[in-house]
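Here are a few exercises to try with the model open. Have a go at each task before reading its solution.

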Amino acid sequence: MKNKSTRLRFDEEELENKSVARAAKKAERAADKADSAKARLPTKNKLKHEKDKAADRKEQLRFGKKDNSKDADSSQKTSEQANKKAVPDRKKSVGKKEGKQKAGTAGVNEHLRFNDSAVDVVSPVSCISRTASHAVTGTLAGRVHHEIAENEDDNVGVQAAHQSEEFAEGAARTVSNVRYGHKLKAYQKAARLDRKADKANVEALYQQAVADNPEIASNPISRWKQRQEIKKQYYAAKAAQGAASGSKAASGAAKGTEKTAQGAKTLLERLKEFAVRHTHAMIIILVFALLFLMVSGAFSSCSAMVQGGTGSLLGTSFTATDEDITGTNEDYKALEATLKNEIDNIESTHPGYDEYRYQLDEINHNPYELTAYLTVLFEDYTRAEVQETLQELFDRQYTLTLEEKVEVRTRTETRTHTVTDPETGETSEEEYEVEVEYNYYILNVTLRNNGLGTAIAASGLTEDQQERYNILLQTQGNRPYLFEDDIYATPTGPYTDYDIPGEALTDEKFVNMIHEAEKYLGFPYVWGGSSPSTSFDCSGFVCWVINNCGNGWNVGRTTANGLMGSCDIIPASEAQPGDLIFFQGTYDTAGASHVGIYVGGGMMIHCGNPISYASIETSYWQSHFYAYGRIR
């Protein structure tokens, strides 16, 4: 990382667009933070090699056999020379905005601004080289200590000095490590802020491109491709400007250019003379050259098309194998089956309650959402490596709560007591009634399916990851066949409307239901959805209509199978508009798995994908028909 952060330049007309102005302001703030961090970085390396220190100590403990003052002067000069070699001349690396811009990056280059007062930053040595250096100096110091130890038995004073020296060396190394750690953190922070500044610049350039050409933001695929192209152009332009900043390189290039120009002039003169003498031969050469250029140009275009097409295809496709994709989805379904089994056995695992009340969302998910998310995180993933991620997603998608409630109720009890006749003294048993209070124990069982999409949104995807996730959902990873039998995962296109026969609209309760239900035509299918703010799944939609249509009903929030408990089951021959129609086996669950509102004429309104009217006489719905129910 060197010189000050790259900054963008927009004119007043461009900044009139609020999105561009907001993005440009954010990019400027990011660049200010990065430059501030760089300004606080150290500019010189004043570390002295421990090898020199060890040599000094060894000579000093040889009882004056060497002039210590001269050695100190020599060591200081050597250290200064080493530092001069280690620290490059900062004046030679000042960036300048010179030369022509690279082809293909003009749209980005015209907004780039490089500061002429930029200063190179010398990064500290890497952890590996530092460790290696410490290992070498440690070895040398160890040898010195060993030689001292061999001769210290004759002098107790020397032994004490030796031990003090070893302690001082350890303390010095600790201080050095701490100072190095602080220095390294400063460089890491500066590098991180510089990357953020670049990202903000790319976003500002994208907003300007959208302002100039709104059609590029028409769909997620177009937005993603445009961002990738702008990012590529931005970094290419930045690299080109960096390459042009070296004054020595520019000077050498100028000399080379002059020399090349002279050679080219001589060559052109010779070619001109040859062409005059060999006119026919030159015509033949030019024809072959033209043919060669045409053929090579065609191949180059094809190559670019293939590369571009391949990149777009990979960016919109699932990259794992079909076996791993479907297998991973089965693993997630196994977690859901375990949850359903836990709920089904609540009354046996939690006995002793007078009543169990259930408020349950449907248990299921969109497999394309799961696959798109795992592709963004892991690319070519396997079943084994994503198990931990599956559990994390599952825990965010489903929330099961058990809450005990105690109600104090009263009941009438019949009791007996003995009555004595005061005249005859005879006794008899008489019955009487009394109101008695008692505790009534209720277990509220609530399952919330927050939706897999909501769980993924809370996982912290970056902007680029979210963009690609949306693209993969839109394209179904270019593998729509993987889950084509899942009616809830595959959109069926625009919703179907239907004109209900007039005779059916004479029932006020049915009219109330239809008025509420038709508000949500076209809403997408969302597992766990139970309100207009989240959209709906099949049972969430029917529960919402029943509870909010104004007929005085309240069935709470329950599953398709749970709704059957609020209905009287009736034969198909008695079905009327406003009755519920239930289906089974539309996904892997026991009992009713899907529910709709029957509107007569062989039609229903239900939450498919999207909410729509649909015929119940198709082969699919006929094969899954379960029962009709009339709301109590």
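**Exercise 1.** Find the partner of Ile570 and work outwards to the whole sheet.

*Solution.* Start at Ile570: its bridge partner in β13 is Tyr628. A quick word on the ground rules: this is a predicted model, where local features need pLDDT of at least 70, side-chain atom pairs count only at pLDDT 80 or more, and totals for chains, interfaces and linings use all residues. Residues are numbered from 1 along each chain as its sequence is written, and side-chain values use heavy atoms, leaving out hydrogens and water.

Next, β13 (residues 625-631) and β8 pair antiparallel over four bridges. Strands here are DSSP E runs of at least two residues, and helices are H or I runs of at least four, numbered from the N terminus; two strands pair if DSSP finds at least two bridges between them.

Now step across: the open, antiparallel sheet has six strands in the order β8-β13-β9-β10-β11-β12. Its edges are β8 (567-570) and β12 (611-615), each pairing on one side only.

**Exercise 2.** Work out which strands helix α17 lies across, and at what angle it runs to β10.

*Solution.* Helix α17 (residues 538-548) lies across β9 (580-584), β10, β11, β12 and β13, at about 45 degrees to β10. Angles run from 0 to 180 degrees between N-to-C directions, with axes fitted to C-alpha atoms, for helices over the stretch in contact (heavy atoms within 4.5 Å).

Then check burial (under 20% relative accessible area, 1.4 Å probe, protein chains only): eight of the 11 residues of α17 are buried, including Phe541, Val542 and Ile546.

Finally, look just past α17: Gly550 follows, with a positive phi near 90 degrees.

Conventions: Buried < 20%, exposed > 50% of the residue type's maximum accessible area, 1.4 Å probe, protein only.
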